[in-house]
Amino acid sequence: MLELLDAWLLAPFDYGFMRRALVAGLALSLAAPPLGVFLMLRGMSLIGDAMAHAILPGVALGFLFAGFSLPIMSLGGVLSGLLVAVLAGSVSQMTGHREDSAMASFFLISLAAGVMLVSLGGSSVDLTHVLFGSILAVNTTALVLIAAISSLIVVTLAVIFRALVVECLDPLFLRGQGLHSGLIHGIFLGLVVLNLTAGFQTLGTLMAVGLMMLPATTARFWSKRLEGLIGIAVAIALVASTGGLLLSYHLSLPSGPAIILLAGAAYLLSALLGRHHSLRERLQRRAAPPGAPESH
């Protein structure tokens, strides 16, 4: 039994590429889910998907100029994501349209532009790598960059945590304390862009948002407290990253989709069996006699 566990759980990490992939996945799992929780609480869940596409043109331009140079591609992705966020906010203010509709328009433009740029400058293999990533190909440079960005996100979130919570609940109170809600909102979107830029190397631009949003939405079925949501979301992401890597190794599956699908399986199970807002909880409430106290 111990030999079987060792062969399935520990032996794969005897290889250097698996250890680097594990560290990269764990670093992203610590930084991405808290951002997803705040996006969910702010009713901006789909904004994360839009921002994931917004970084694609910058990543593609970096690829055209420097090939698969992660620092250059990451810099391009950050600049492109921030530019799209600024443009969407500006269009929303000038026209009165909702910010999410402006962001949706820009993300479609960004997606088409990014795919066009990569297609013009590379092969279908290059396009697949940029769109879907390759966590097993993470090298030392990429690992240092991912760890640095994830650490910056965690530290910044810790610094602005209280202001971010207040900005979600009562922006007017935050303004009365001398802090502009727009500044906190801008910093938060910047962190989202940074996280997606760190994630594109491992999961690709199309799936980096999965590790941000799926654990966050899954945690909603198990907790109603902010601390609980963040803790559960991080735990789910850590398990999905590690489990997805092991599944990809043993079953010869693509690693990025395996990680996201494992997080998706956790979401579906939670929707069925979770403590709050799940099918099980709803059936129990219907079966409870009238006047019976609700379980918490």
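**Figure 1. Surroundings of arginine 42 in the predicted model.** In this predicted model, arginine 42 makes contacts, beyond its neighbours within four places in sequence, with Leu164, Glu167, Cys168, His185 and Phe188. Arginine 42 itself belongs to the loop between α2 and α3. With a relative accessible area of 17%, arginine 42 is classed as buried, because the class takes in residues under 20% relative accessible area.

**Figure 2. Helix α3 and its buried residues.** Helix α3 spans residues 45-54, and 7 of its 10 residues are buried, so that the helix is largely enclosed by the rest of the structure. The buried positions of α3 are Ile47, Gly48, Ala50, Met51, Ala52, His53 and Ala54.

**Figure 3. The aromatic pair of phenylalanine 38 and phenylalanine 161.** A search of the whole structure returns 5 aromatic pairs. Among them is the tilted pair of tyrosine 15 and tyrosine 249, with the ring centres 6.1 Å apart and 40° between the planes; this pair is taken up again in the legend that follows. The rings of phenylalanine 38 and phenylalanine 161, shown here, form an edge-to-face pair, with 5.8 Å from centre to centre and 75° between the planes. This pair links distant parts of the chain, since phenylalanine 38 is in helix α2 and phenylalanine 161 in helix α8 (residues 140-169), 123 residues apart. The two partners fall into separate accessibility classes: phenylalanine 38 is buried, at 1% relative accessibility, whereas phenylalanine 161 is partly exposed, with a relative accessible area of 28%.

**Figure 4. The ring cluster around tyrosine 15 and tyrosine 249.** Tyr15, Phe17 and Tyr249 are joined into a cluster by ring pairs. Within the cluster, tyrosine 15 and tyrosine 249 form a tilted pair, their centres 6.1 Å apart and their planes at 40°. Tyrosine 15 lies in the loop between α1 and α2 (16-41) and tyrosine 249 in helix α12 (residues 226-251), so the pair ties together parts that are 234 residues apart in sequence. Both tyrosines are partly exposed, with a relative accessible area of 42% for tyrosine 15 and of 32% for tyrosine 249.

**Figure 5. A nonpolar surface patch with a contribution from helix α1.** The side chains in this view belong to Met1, Leu2, Leu4, Leu5, Trp8, Leu9, Leu10, Leu251 and Leu253, which form a nonpolar patch on the surface with about 980 Å² of accessible area together. Helix α1 (residues 2-10) supplies the largest share of the patch, namely 6 residues. Leucine 5 is one of the patch residues and is found in helix α1, where its relative accessibility of 38% places it in the partly exposed class.

**Figure 6. Two loop residues with positive phi.** Serine 252 has a phi near 55°, a positive value in a residue other than glycine. Serine 252 lies in the loop between α12 and α13 (255-273) and is exposed, with a relative accessible area of 66%. Histidine 277 likewise has a positive phi, near 60°, and is a residue other than glycine. Histidine 277 is placed in the loop between α13 and α14 (279-287), and at 52% relative accessibility histidine 277 counts as exposed, because the exposed class takes in residues over 50%.

**Figure 7. Annotated spans and the helical fold that contains them.** In an unreviewed entry, UniProt places the feature "transmembrane region" at residues 20-39, 72-91, 103-122, 142-166, 178-197, 203-222, 229-249 and 255-274. In the model, the span of residues 72-91 is 100% helix and 0% strand, and its end C-alpha atoms are 28 Å apart. Residues 255-274 are 95% helix and 0% strand, with 27 Å between the end C-alpha atoms. For the protein as a whole, there are 14 helices and 0 strands. Of its 296 residues, 46% count as buried, and the accessible surface comes to about 14,600 Å², of which 70% belongs to carbon and sulfur atoms. Among contacts in the protein with a separation of 6 or more, 73% are accounted for by residues 24 or more positions apart.

Conventions: Residues are numbered from 1 along each chain as its sequence is written. This is a predicted model: local features need pLDDT of at least 70, side-chain atom pairs count only at pLDDT 80 or more; totals for chains, interfaces and linings use all residues. Side-chain values use heavy atoms; hydrogens and water are left out. Patches are made of residues with over 30% relative accessible area and no salt bridge: like charges are joined within 9 Å, nonpolar side chains (Val, Leu, Ile, Met, Phe, Trp, Tyr) within 5 Å. Accessible areas come from the Shrake-Rupley method with a 1.4 Å probe; for residues, only the protein chains shown count as cover. A salt bridge is a side-chain nitrogen of Lys or Arg within 4 Å of a carboxyl oxygen of Asp or Glu. Helices (H or I, at least four residues) and strands (E, at least two) are DSSP runs, numbered from the N terminus. Buried means under 20% relative accessible area, exposed over 50%, partly exposed in between (1.4 Å probe, protein chains only). Rings of Phe, Tyr and Trp (its six-membered ring) pair if their centres lie within 6.5 Å; planes under 30 degrees apart count as stacked, over 60 as edge-to-face and the rest as tilted. Contact means heavy atoms within 4.5 Å. UniProt positions are given in the numbering used here, feature names are shortened, and annotations may be inferred rather than shown by experiment.
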